[in-house]
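Please look over the sequence and the model below. The paragraphs that follow go through the structure part by part.

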Amino acid sequence: MISSFFHLARGARVGFVLAREGALALVDPSVLPPLARGLIRVGRLIERRGAGSSATRLAAAMTRLGPSYVKFGQFLATRPDVVGMKIAEDLSALQDRMPAFPMAEARAIVEAAHGVKLETLFPEFSEPVAAASIAQVHRARLKDGREVAVKILRPGIRDRFNRDLAAMRFGAEMAEQRSAEAQRLRFTGVVETLARSVAMEMDLRLEAAALSEFAENTKDDTDFRVPEPDWQLTAREMLVDEWIDGVRLSDVEGLRAAGHDLPELARNIIQSFLKHAIRDGFFHADMHPGNLFVDAEGRLVAVDGGIMGRLGLKERRFLAEILLGFITRDYTRVAQVHFEAGYVPAHHDVADFAQAIRAVGEPIHDKRADQISMAKVLTLLFEITGMFDMATRTELVMLQKTMVVVEGVARTLDPHLDMWGTADPVVRSWITHNLGPIGRLEEAGRGARSLLGSLAALPETVVRAERVLGQLEDASRHGFSLDERSVEAIGRAEARRNRWGNIALWVIAGLLAYGVFG
């Protein structure tokens, strides 16, 4: 009861700040129930005059509410299905810039993590060069002369986020209890996804692990790399990795002055992102220009692994097939992929869904390549899926929103970029390898390995079963009786054990036959 009161009090403060900064003007009252419409009207009475553009209003409100809400705003920018495209676009402009915390506190965190003086680790250690809601970054030099970036967690940030997330959970649960649309959009799932993301961001060892995995996935890519972490110096509260000397992608004139091929860089951005998403199933989900550099060798370098996206094999196949379907105008196949993935309930008709998808795809085919937005097509597609009861897939929405950002960055370098032509070779290559004969053989092999693993454990299972049978026989000799049901169960276990070998052989043969001839 007491916790509910505090959550309501925090919610009231959030509402007051949003109203005061003019952010309630962005809400469409017509979609709200009567009580909510009345609250919006009352809230707008205290709106500050001259609140500015919608993006400015949201930025001012989120910044005033503090680090948790800045992060929440950035996260909601990846969820246009929840807040709508207009608000998502405004939130995309929200800069995660906060005042730096004092050097004395940064020093204390470094020394507590390693138990030595800061100068012992870093002969040179700069003032903060960037400060965000969760951490700030310093430039430093190691004893061996290497320059590194040192990311340090804000003091007390975990407690603050935990309090604010508890209030967000409370609000999401109340919304779902009163709104079917909130249930479909999974408001509580939105908050839980944010909570998991923030929990990982606040343990900088996990960010180091993400960078390490990302570097391993891309080690053979000649036009892309990420800085690898220094595991000896990284701790829960601090991350140390290579300092990147390069030109930020936001500095277009600097890129041009350095002699970089801007159209080629634009193609590299799109193709690298699609390779990471479709080929690896692990992609950078915060690819704004501030996190992207071009090094002296012309390679794209992505920094800050705090927000990463992950796709399973099913989601990667789904993405590749729908992109290829739009490229080839095969709308029936795009519809079938949704049904095969289980994203659209089976009671809907594939032909009806294909017709709806055609309404998304056809308008793009009478335009020039540089006028077609791949991100916009996916956005419209997700809007259509809502009409057919497709539940929100957080990982796909995050992917779509990241694609919006990546496409925007690429078009600043080459306004005439052919998005679909650039994506085509990456998508076709993955589909050819994974859905052709080679892919089927590999899939069959994975199934066979899984089954063989189970078979390898069979002797141990048999030994355990024999031990149990022996114990039961001993119990019987000592006068304990077995009821009829127990005897039948033992008999069934014996029969299953004897059938295992034959069933396994048939299943393996079937998997191999399907992989080769299916």
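Glu321 has a relative accessible area of 9%, so this residue counts as buried. The model, which is predicted, places Glu321 in helix α15. Setting aside residues up to four places away in sequence, Glu321 touches Arg333, Val337, Ile431 and Leu435.

Helix α15, residues 313-328, also meets helix α14. The two axes come within 8 Å and cross at roughly 125°. An angle over 145 degrees would count as roughly antiparallel and one of 65 to 115 as roughly perpendicular; α14 is therefore oblique to α15. On the α14 side the contact is made by Leu274, Ala277, Ile278, Arg279 and Asp280. On the α15 side Arg316, Leu319, Ala320 and Leu323 take part.

One of these residues, Leu323, can be followed further. Leu323 touches Leu274, Ile278, Met374, Leu378, Trp420 and Val427, when residues up to four places away in sequence are not counted. Leu323 is also among the residues with the most contacts inside the largest nonpolar core, together with Leu249, Leu274, Phe326 and Trp420. That core has 105 residues. Its largest share, nine residues, comes from helix α14, which spans residues 262-280. Separate from this core is a second one of 17 residues, including Val110, Leu118, Phe125 and Val240.

Another residue to examine is His338, in helix α16, residues 331-340. Is His338 buried or exposed? Its relative accessibility is 0%, so His338 counts as buried. Apart from neighbours within four places in sequence, His338 is in contact with Phe318, Ile322, Tyr343, Val344, Phe353, Leu381, Thr385 and Met390.

Burial can also be followed over a whole helix. In α4, residues 67-76, nine of the ten residues are buried, so this helix is largely enclosed by the rest of the structure. The buried residues of α4 are Pro67, Ser68, Tyr69, Val70, Lys71, Phe72, Gly73, Phe75 and Leu76. Across the 518 residues of the chain, 44% count as buried.

The aromatic side chains come next. The structure holds eight aromatic pairs. In one of them, Phe214 and Phe282, the ring centres are 6.3 Å apart and the planes stand at 90°, so the pair is edge-to-face. Phe214 belongs to helix α12, residues 204-217, and Phe282 to strand β7, so the pair ties together parts that are 68 residues apart in sequence. Phe214 and Phe282 are both buried. A further pair, Phe273 with Phe283, is edge-to-face as well, at 5.7 Å centre to centre and 85° between the planes. Phe273 lies in helix α14 and Phe283 in strand β7, ten residues apart, and the pair links distant parts of the chain. Because buried means under 20% relative accessible area, Phe273 counts as buried at 2%, and Phe283 likewise at 1%. Phe214 and Phe282 also belong to one aromatic cluster, which they form with Phe224.

Beyond strand β7 (282-284), the chain enters the loop that leads to β8 (292-294), and Gly290 has its place there. Why does Gly290 count as partly exposed? Its relative accessibility is 24%, and partly exposed covers values between under 20%, which is buried, and over 50%, which is exposed. The C-alpha atoms of Gly290 and Val303 are separated by 8.8 Å, with these positions 13 residues apart along the chain.

For the chain as a whole, the secondary structure comes to 23 helices and ten strands. Of the contacts with a separation of 6 or more, 69% are between residues 24 or more positions apart.

Confidence in the model remains to be considered. The mean pLDDT of the chain is 78, and 73% of its residues reach 70 or more. Over residues 500-509 the pLDDT is below 50, and this stretch has eight contacts in the model beyond near neighbours in sequence. Over residues 511-518 pLDDT also stays under 50, and here the model has ten contacts beyond four places in sequence. Where pLDDT is low, predicted coordinates should not be read in detail.

Notes. Residues numbered from 1 in each chain as written. Predicted model: local features only at pLDDT ≥ 70, side-chain atom pairs only at ≥ 80, totals over all residues. Heavy atoms only, no water. Core = buried A, V, L, I, M, F, W, Y, C linked by side-chain atoms within 4.5 Å. Buried < 20%, exposed > 50% of the residue type's maximum accessible area, 1.4 Å probe, protein only. Helix = DSSP H or I, 4+ residues; strand = E, 2+ residues; numbered from the N terminus. Contact = heavy atoms within 4.5 Å. pLDDT = per-residue confidence, 0-100. Phe/Tyr/Trp six-rings, centres within 6.5 Å; stacked < 30°, edge-to-face > 60°. Axes fitted to C-alpha atoms, helices over the stretch in contact; angles between N-to-C directions. Parallel < 35°, antiparallel > 145°, perpendicular 65-115°, else oblique.
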